[in-house]
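Good morning, colleagues. Please look first at the structure on the screen, and then I shall take you through the contact between its chains and the packing of some helices.

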Amino acid sequence: MRVVIAEDNVLLAEGLNLLLGQEGHEVVATVADAAAFVAVVDRCRPDVTIVDVRLPPSFRDEGIRAALAARRTRPDLPVLVLSQYVEPAYATELLAGGAAGLGYLLKDKIGRVEEFLAALQRVAEGGTAMDPEVVTQLLARPRDSPLDGLTRREREVLVLMAEGHTNQVIAEKLFLVESSVHKHIGNIFAKLGLPSSDIGHRRVLAVLAYLNHT
Amino acid sequence: MISAPISFVFGLLALAVVVTVPAATLVALLWWAAPEGQPLMLSRIAITDWPTAIWASALHIAIAALLAVLVVPVFARWHAQLTLALLAPSATERLAARVETLAQTRAGAVDTHQAELRRIERDLHDGTQARLVAINLRLGMARRVLSTDPPAAAKLLDQARDGAEAAMDELRGMIRTIYPPILADRGLSGALQSLAAQATPPVRLVAGAIGKLPAAVEVAAYYAVSEALANAARHGAATTVMITVERVSGTLRVKVTDDGIGGADETRGSGIQGIRRRVAALDGVTTVDSPPGGPTTITVELPCE
C-alpha cells in the first residue's frame, strides 16, 4: 500500500516508516503538519493515511481537523488517526462524516504490530477501526438501557463489532463459529432496536451512535 | 475615642439651630402670658411688647437659617470626613489584611504544589521508572536466549511489550492529573462538554462566551466541575446536573447544581476541600450550598483579568 504519514514526532515517524517498510508498504510522504498533509494527500493519492491528533503549530487537535478537511475534498480517503489519549468526543466528530475508511487508535496499539497492521488494512479497504478504549469508555457509562439486557457473550460481540471487526474475526477472537456470531449479532440488534445491517462500517456507525446517544 | 466628644459638639450645634426656630416663634407668640416682672428672654433681650417680640424672634430665626444654610453643612462634612478617617480601616490596614490573605492562599498554593510534585515524583519513580527497568531486563534476557531458545525469547519479548503498554497507560493517567489533555486541545468549553458527555447523571451545560482564560483558571474550573460531578454521582444520588459557566467583569463563575439529596459533608473527603484549595490558590471563592434534602449547588468564582 502507498501510505502518507502526518506525524511531527521524529521518533514515532521513523518507527512507523521502519515498520511499514518492513511489511512491504511504501511510505510516499511523511509530513509534520496539518497544512502539508492536506496538500500532499491531494497530490499523492495514497491508499491509506496515518495522522497524529496533535500537530504543529498549536499541538491541539489539528490532526482531527486535517483528517476531516482531507475527507471533505476526498470523502473516501482512508484515515487512521493516532492519539496519545482517547477522547470519545473526537471519535464522534470523526464518525460524523461516516465510518467508512476511518480509524481512531491509541498510539500504544502500534506495539501490537499484527493488530495495528490489520487495523490499517481494514481502514484502507473502507472498513473501520475503533480503539477498544473508545468502546470501553462508551460502555462504561452506567445507565438504565437495553444494554443491561445483553448477555455477557453478546456484550463481547458488541464491543468487537463496535471496534470494526468482521464476523469472521469476531468468531476467531471469541473462539466461536461464524454462524453463532451471526446469531448473537441478530439478538443484539433486536434487543437494542437497531435496524440490522451487515455492511461493516454502517454497522459500526449504528452501534457507536447508539452507545453515544443513550 | 476622639470621635464621641466631637460628634457631641457637632450634634449640639445642629440641635440648637433646629430648636431656635420653634422656640423663637413660641416666644414671639406667647410673651404676654409671662408673669409680671419675669419677662420671657430671647438671648439677652427681654420681650415686653409686640414690636420687640417680632424683631427679636425674626432676628433669631434669620441667624438660625443663616447658620443652617452656611455653617451646618460645612461642619457636617468635616464631621463625616473625620468619622470616616477615624473609623474606616486605613489604606495601610486594608493592605495588611490583603497581604495576610494572600500570604495564606500562597502558602496553601505552595503546599499543594509541593504535594503534587512529590506525588508525581513518586508515581514516576515507583511506576514508570520501575517498569522501564523491568522492560530493559526482559529485552536483555531475550537477546541472550534469542538463538538458543527462541520460544523463551518470544515470551520475554511479549512480557516486555505488556510492560511498555502498562507504562504508557500509567503515564497517560498521570498526565491527566497534571493537566487534562482535552483542556489543552479544546479549552474550557470543549473540555466541559467532554466531561458532561461522559458523566453518569445527565448533564445540561450552559456556557456563555468565556473567551481566552489563563491556563491555571481553566484547570481549577475543570477540576471543580469534575469533582462536583463525581460528588453528585457518588454521594448525592442526583438524577440531573446543571452546569452554568459565565464570565462577568473579570470573574469566571462556574455553578454546578444537582437535584440529589444534599447535605454535603465537607469533612468527609467529599472533594470539596480540594476544590476550595485549588480555587483559593488563585484568589477565588468557593461557595457550597447543600441543605439536607437538596439541591446541592457548588459555585466557584475565579478572577481572570
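**The interface and two helix pairs**

Between chain A and chain B an area of about 1,700 Å² is buried, and carbon and sulfur atoms give 36% of that area. Buried area here is the accessible area, taken with a 1.4 Å probe, that two parts lose on being put together, summed over both. On the side of chain A, Tyr85(A), Asp108(A) and Arg112(A) lose the most area to chain B, together 34% of what that side buries.

A word on the basis of these values. This is a predicted model, in which local features need pLDDT of at least 70 and side-chain atom pairs count only at pLDDT 80 or more, while totals for chains, interfaces and linings use all residues. Residues are numbered from 1 along each chain as its sequence is written, chains are lettered from A and ligands numbered from 1 in the order in which they are written, and side-chain values use heavy atoms, with hydrogens and water left out.

Chain A brings 20 residues to the contact and chain B brings 17 residues, where contact means heavy atoms within 4.5 Å. How many salt bridges does the rule find across the interface of chain A and chain B? There are six, a salt bridge being a side-chain nitrogen of Lys or Arg within 4 Å of a carboxyl oxygen of Asp or Glu. One salt bridge joins the side chains of Asp108(A) and Arg172(B), at 2.9 Å from N to O.

Two elements of chain A, α4 (88-96) and α5 (113-124), give two or more residues to the side that touches chain B. Helices are DSSP runs (H or I, at least four residues), and strands likewise (E, at least two), numbered from the N terminus. The largest share of that side, three residues, comes from α4(A).

Helix α4(A) also packs with helix α3 (residues 62-73) of chain A, at an angle of about 10° and with the axes 10 Å apart. Axes are lines fitted to C-alpha atoms, for helices over the stretch in contact, and angles run from 0 to 180 degrees between N-to-C directions. Therefore α3(A) and α4(A) are roughly parallel to each other, as angles under 35 degrees count as roughly parallel and those over 145 as roughly antiparallel. Ile64(A), Ala67(A) and Leu68(A) of α3(A) make this contact with Tyr90(A), Glu93(A) and Leu94(A) of α4(A).

In chain B, helix α6 (residues 215-234) and helix α7 (residues 272-281) pack at an angle of about 170°, their axes 9 Å apart. That makes α6(B) roughly antiparallel to α7(B).

Definitions and conventions
Angles under 35 degrees count as roughly parallel, over 145 as roughly antiparallel, 65 to 115 as roughly perpendicular and the rest as oblique.
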